[in-house]
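Dear colleague,

I am passing on a structure for you to look through at your own pace. Please open it first, and then read the notes below beside it.

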Amino acid sequence: MTALTSPLSRLGWTFTDGLTLVGRELGRLRQEPGQIVAALVFPVIMVVLFGYVFGSAIQVPGGDYREYLMPGLFAMVTFSAWLGVMTRVATDASRGVMDRFRSMPMARLAVPFGQTGADLLTGLLMLAIMVGAGLLVGWQPHRGLIPTAQAFLLMIVLRYALSWLGVYVGLAVKNEQVADAMVPLGLPFTMLSNAFVPTGGMPGWLRFLADWNPVSALTAASRELFGNPGATSGNVAWPLAHPVTAVLLWSAALLVIFVPLSLRAYMRRGR
């Protein structure tokens, strides 16, 4: 009986410890209201900036740029996950918080679980704010409740997988200054995609990179499920022809690679 219940007990301890650390991360946000304000204002700024400033000069399939744009902005916010997690993890590691956690009787998975779980909750809030902003500027899903829910579920799954990338990179870098310096690298990655403009007008080599960018897969999947302009058809790269499958494969690959790497880096850091 002990052999059977021991793994379940360890799983329960991991879950309980992880939830405690999720509460810690959310409590830290409450103590730093500036971060909360920035996280809530950022999606609105993106909608206004790209929807009205850039949208007036860009022609897209279907003609309505804001409906074309919103899935791309959802993907952009999704891919910001790993950057925020990376910064928070690097900050905790450089300030000795990780060392204190390792000295405590808690499950080794609990610390990264707490970081990724807290990011998932803040990500849901950011998505909700962006949905409201999108509805105000004229965006809306057209295919009904179930496909709409599937699109947001894809974003949540991929965001969670990306947060494990953030945990690993945050543990791998030397300090929070290095992590802060890496944050701007996320912008070119999201821009080199179909999120803001069609990839058909790009040079061949650049179009290849954009079409195989996971940002493009998530954007294409969202446009397809929302029924927004720009849904791909015809002779396109495999990730754009099968965007939902591509997003699920990207998510699975990230989890398979970076969950064990993150645990290994967490246990080895400071040795």
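Helix 4 passes helix 7 in a right-handed crossing, where right-handed means that the near helix is turned clockwise from the far one by less than a right angle, and left-handed means anticlockwise. Helices here are DSSP runs of H or I with at least four residues, numbered from the N terminus.

This is a predicted model, in which local features need pLDDT of at least 70 and side-chain atom pairs count only at pLDDT 80 or more, while totals for chains, interfaces and linings use all residues. Residues are numbered from 1 along each chain as its sequence is written, and side-chain values use heavy atoms, with hydrogens and water left out.

Helix 4 (residues 81–94) packs on helix 7 at about 35°, and their axes are 7 Å apart; the axes are lines fitted to C-alpha atoms over the stretch in contact, with angles from 0 to 180 degrees between N-to-C directions. Among the residues in contact (heavy atoms within 4.5 Å) are W82 and M86 of helix 4 and L162 and G166 of helix 7.

Helix 7 (residues 145–172) also meets helix 11 (residues 214–226), where the axes come within 8 Å and cross at roughly 160°. The two are therefore roughly antiparallel, a term used for angles over 145 degrees, and their crossing is left-handed. This contact includes F152 and L158 of helix 7, and L218 and F226 of helix 11.

As for confidence, the mean pLDDT (the predictor's confidence in each residue, from 0 to 100) of the protein chain is 82, and 80% of its residues reach 70 or more.

With best wishes

Terms used. Angles under 35 degrees count as roughly parallel, over 145 as roughly antiparallel, 65 to 115 as roughly perpendicular and the rest as oblique.
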